[in-house]
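Work through the following exercises with the model open beside you, and try each task before reading its solution.

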Amino acid sequence: MTEIFFDDALKRAEELDAHLDANKAPLGPLHGVPVSLKDTFKVRGYDASIGLAALSFKPAAENSVLVDNLLGAGAVLYCKTNVPQTLMALDSHNNVFGRTLNPFNTAVTAGGSSGGEGALLGMRGSVLGVGTDVGGSIRIPAMCNGTFGIKPSWERIPYAGQEGGMLAGASKVGIPASAGPLAHSMRDIELFFRAVSEQRPWTLDPDVIPSPWLPLTSLGSSSRKLRIGLVRRDGVIDPHPPIARLLDEVKSKLLSSGVEVVEMDITLLFSQCQSLANALFGVDGGNTMFDLLESANEPLSPWLSTRLKRKAPLELAKVRELHAKRETLRKEFLSVWKDEHGEIDAFVCPVAPHPIPPIDRYNGVSYTSSFVLLDYPAGVVPVRMFEQEDTKGELPQTKPLGNWDKVNRELCKCILLDWIGQAYHSHRPASNQLKR
């Protein structure tokens, strides 16, 4: 946790109890439900420092739009949670609050950038949390901490009024982030979306589409079987053996439950996503963030110090070219949702090509960032814990697909050695990702 406001939460809970005692109807679906928030969300009277010294001790003057929506639905807000410095890392460490540890195994990452949310949910310190995602920042912590998590399309849940260390409007030039829930069940995920939708968030955030939330269960309401695709690889990084076997398990479970499973090879398109997403993430050159760091003479976190540097912002012509490629790719991707037998309702793929890695060793994000580039809703569903049996299997002896794949193969050896050294002392959640 970063900001802790238990006293405010207890006062709020008493007021909500008194409201019911007076025989008044609940404020909304979240009446009395404690909800934790990623540190990026502004709560009036508390910092939204996002782990930066320059933004510390500067309480927010107003709430983020989603905070007001949650309060309107009856939620009790009680804390905010840790993030990585700059919000550009997959392990949540900064110089203000320190490092978030994984509650299942402190030797492995809790993920980022909503790592504090993931860890708090994982240790049952929260029943419902809210994070943000622009490269995998909800889904990666959900995977690492064994929770459910969903990144909606960016126009579904209000994002306005957050602190991101960027100038206003900067995200519109690159790739906009989305806000979404981390929770312990799909029932809770549904509750979050329904509660926010009932608050009519489009009246406060012009980016939100004025549309009610339809339950995911409506997907299977037609007379035909559900058709779920299975995407095994992205063509950039091949999954480790335990991840490949996990997909086989998921396929078997889907088939036994009466779902039609469609093997999908979409590597021709999938493999184009990561490099394009990375280019669009860096449109502003990180200059606003570096200005904040330098204003407080704050050093970069060790992991970031060798990977992040100030660059010149991209020229308008280059930005236009990148967005043109993105639109072309999004149009081409529409073809994957249908084959000769009909429409495909959703597809499952790995969250990452590896199990949960040691601290600061998370590899590529192509399996998560791609769906931000495409603006697809994407969620993580826990499958089971990583077990000793999962250490079996050999990597292919073929030439790596590229540098990302080469590093991923080296990481496989590291994870297996780590597991052997810590066997019987901890377990790691394993997850898959659902795209709709």
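**Exercise 1: A parallel pair and its crossover**

Task: Find the residue that stands opposite R227 in β9, and then describe how the strands concerned are joined.

Solution: In this predicted model, R227 faces E260 of strand β9. Widening the view from this pair, strand β8 (residues 227-231) and strand β9 (residues 260-264) run parallel and are joined by five bridges. Helix α7 (residues 241-256) completes the arrangement, since β8, α7 and β9 together make a right-handed β-α-β unit.

**Exercise 2: The faces of a helix**

Task: Check whether the length of helix α12 (residues 316-333) agrees with the span expected at 1.5 Å a residue, and decide which of its residues are buried and which are exposed on the other side.

Solution: Begin with the length: the 18 residues of α12 should span 26 Å at 1.5 Å a residue, and the end C-alpha atoms are indeed 26 Å apart, so the two values agree. Next, list the buried residues of α12, which are V319, L322, R326, L329 and F333. Looking down the helix axis, these buried residues fall within an arc of 90°, and they therefore line one face of α12. On the other side of the helix, L316, A317, R320 and K331 are exposed. Finally, ask what the buried residues pack against: their partners are α5 (170-173), α8 (267-270), α9 (273-281) and α13 (366-373).

**Exercise 3: The nonpolar cores**

Task: Name the members of the largest nonpolar core that touch the most other members, and trace the contacts of I266.

Solution: The largest nonpolar core has 30 residues, of which M264, I266, F333, F371 and L373 touch the most other members. At least two residues of this core come from each of β9, α8, α9, α12, β12 (346-350) and α13. For I266, once its neighbours within four places in sequence are left aside, the contacts are V231, F333, V336 and F347. Another core, of 25 residues, lies apart from the largest one and includes F41, V130, I150 and A183.

**Exercise 4: A covered strand**

Task: Establish how many residues of strand β5 (residues 128-133) are buried, and identify the strands with which β5 pairs.

Solution: Six of the six residues of β5 are buried. In a regular strand the side chains alternate between the two faces of the sheet. Taking the faces in turn, L128, V130 and T132 are buried on one side, and G129, G131 and D133 are buried on the other. Strand β1 (residues 34-38) pairs with β5 in the parallel sense over two bridges, with L37 opposite V130. Strand β7 (residues 178-183) runs antiparallel to β5 and is joined to it by six bridges, and A179 in β7 is the bridge partner of T132.

Notes: Residues numbered from 1 in each chain as written. Predicted model: local features only at pLDDT ≥ 70, side-chain atom pairs only at ≥ 80, totals over all residues. Heavy atoms only, no water. Helix = DSSP H or I, 4+ residues; strand = E, 2+ residues; numbered from the N terminus. Expected span 1.5 Å × (residues − 1). Buried < 20%, exposed > 50% of the residue type's maximum accessible area, 1.4 Å probe, protein only. Arc of directions from axis to C-beta. Contact = heavy atoms within 4.5 Å. Pairing = 2+ DSSP bridges. Right-handed = clockwise from strand over helix to strand, strands pointing away. Core = buried A, V, L, I, M, F, W, Y, C linked by side-chain atoms within 4.5 Å.
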